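Visitor: I am new to this structure. Please give me a close look at one part of it, the nonpolar core, and then say what lies elsewhere.

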Amino acid sequence: MTETIESSLLLWENHENCPGCKIDRLKQADTGVPVKHLFYVWIVVLAAGTSLPISSLFPFLYFMIRDFHIAKREEDIGFYAGYVGSSFMLGRALTSVIWGMVADRYGRKPVITAGLIALIIFNTLFGLSTNVWMALSTRFLLGSLCGILGPMRAYASEVCRKEYQALGMSIISTAWGIGLVIGPALGGFLAQPAEKFPHIFSKESLFGRFPYFLPCLLISTFALGVSVLCYWLPETLHIHKENKEQDELYAWEVAAYGCDVKKKLKKFEGKGPNQQQSLLKNWPLMSSIIVYCVFQLHDMAYAEIFSLWAISPSEYGGLSYSTADVGEVLAMSGLGLLLFQLFLYPPLERILGPVMVSRIGAVLTVPLLSSYPLIAMLSGVGLSLLINCASLLKNVLCVSITTGLFLLQNRAVTQQQRGAANGISMSAMSFFKAVGPAGGGSLFSWALKRQNDSFLPGSRMVFFILNIIEVLGLFMTFKPFLTVPDENHP
């Protein structure tokens, strides 16, 4: 009887109309790297994983707030810039669980498509902002309605066989990291085009009246192209609908064995390894999410602080860079980040494991950030060379930590819970990321006012506090706090 039930369950799970079963059959037939599916993951995360719209504003946000004329002193600009940066994460924190549940109920593809449409609309409107309240509201709505990243993390783990899941997570981290590089480059080079390219854009043109619209428009146009490409994006969620053939199969087995096979199937599933449990009681999942949130708080605060620090005058301990200079520094990190994540991270993860790679990344981050105030004392070629190397290394360490924790989270749950699990992760992380820019901007403004203090003056205090957060995250990667999920978990 048990064999019959298992046979019925197998037929039910491999129904020809189920998109998830089609993906499973492809994985069974093709044991190689799913290049086409990973390309979809890469291009969607790059376009709509929100790293582009998040990071593109960092080079020009300081000047946008200045042009709004809301800050009474130059030292207060960072305070308002932090809140604009945080509004996106606040919106995403409030809705990520809902989007995850929708992805588990109706599929990954509808959520991805809706998020792309939201990005096209609200990122464009942000570039047309004329005051700080319009900027805050458009960023908040963009974060609320673009719930793509959580479902894409679930999607990447579902299109790959288990031996390639590290590569799938690396693709997401790489796309996210490249977005964090390309975004500032676009924002730095294309903001204020009437001032930088007066022979192309006049001050009376649309881009002259809205100096921060051009980079936002390009990102939205790219997202529009990817939304068209998503028409061919395959669904991975198992959606099993009872049809006439199944009803006939159930009726035949009831007649043959005198039992209700539907109830037996439910009973059989409840005793199997895929038995659903409360995600909040899943400590391997929750512990990895909490550690992930601490590192994301650090990374988002760093992203806000780095641009403010690089743009600030040298008398305040900054680099006196322009928006183009900041964009160039961040863009130089892209190639090295791409090569590391595609070719070095997967073998490192197989040899050392995701937890050890994250620990090494955290350890190396501390001396790196401690060197930033010393780098600011340089000038010329020496400054340019060291700040580019430091930025590249920081981005590599950041995505290495993130990728390892992505793997732990997705291995801690079954497919039926993966969307909701990633939604919880995104909501919790977004709350911390909302605190990151606001806290980072406020911390930087406070640090500028204590240039003459004897203990860690100016920017030294900023990077010292960032290191404290990084060390806290490092300690949390050890037992008994962090629990690694069973390798054999479905």
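Guide: The answer starts with the whole chain, goes on to the core, and ends at the surface.

This is a predicted model, in which local features need pLDDT of at least 70 and side-chain atom pairs count only at pLDDT 80 or more, while totals for chains, interfaces and linings use all residues. Residues are numbered from 1 along each chain as its sequence is written, and side-chain values use heavy atoms, leaving out hydrogens and water.

The chain has 23 helices and 0 strands; these are DSSP runs numbered from the N terminus, with helices being H or I of at least four residues and strands E of at least two. Of its 490 residues, 56% are buried, where buried means under 20% relative accessible area, exposed over 50%, and partly exposed in between, with a 1.4 Å probe and protein chains only. Contact means heavy atoms within 4.5 Å. Of the contacts between residues at least 6 apart in sequence, 81% join residues at least 24 apart.

Now to the core itself. A nonpolar core is a set of buried Ala, Val, Leu, Ile, Met, Phe, Trp, Tyr and Cys residues joined through side-chain atoms within 4.5 Å. The largest one holds 125 residues, and Trp309 and Tyr372 touch the most other members. Helix α16, residues 283–311, is the biggest contributor to this core, giving 18 residues. A separate core has 6 residues, including Leu190, Phe207, Phe213 and Leu214.

Leaving out residues up to four places away in sequence, Tyr372 touches Tyr302, Phe306, Trp309, Ala390, Ser391, Lys394 and Phe463.

Two further buried residues show what such positions touch. Methionine 89 sits in helix α6, residues 77–106, and counts as buried because its relative accessible area is 0%. Beyond its neighbours within four places in sequence, methionine 89 contacts Ile54, Met300, Ser430, Lys433 and Ala434. Its C-alpha is 8.4 Å from that of valine 435, although 346 residues separate the two in sequence. Asparagine 388 is in helix α21, residues 380–411; at a relative accessible area of 17%, it is also buried. With the same neighbours set aside, asparagine 388 contacts Glu328, Val329 and Met332.

Isoleucine 70, in the loop between α5 (58–68) and α6, is partly exposed, because its relative accessible area is 26%. Residues up to four places away aside, isoleucine 70 touches Ile65, Tyr80 and Val132.

Cysteine 216 is buried at 1% relative accessibility, whereas cysteine 389 is partly exposed at 43%. The structure contains 0 disulfides, a disulfide being a pair of cysteine sulfur atoms within 2.5 Å.

Last comes the surface. The chain exposes about 20,900 Å², with carbon and sulfur atoms supplying 67% of it; areas come from the Shrake-Rupley method with a 1.4 Å probe, and for residues only the protein chains shown count as cover. Leu339, Phe343, Leu344, Leu348, Ile351, Leu352, Met356, Ile360 and Leu364 make a nonpolar surface patch of about 830 Å². The elements giving two or more residues to the patch are α18 (334–352) and α19 (354–370), and α18 has the largest share, 6 residues. Leucine 364 belongs to α19 and is partly exposed, at 43% relative accessibility. Patch residues have over 30% relative accessible area and no salt bridge; like charges are joined within 9 Å, and nonpolar side chains (Val, Leu, Ile, Met, Phe, Trp, Tyr) within 5 Å. A salt bridge is a side-chain nitrogen of Lys or Arg within 4 Å of a carboxyl oxygen of Asp or Glu.
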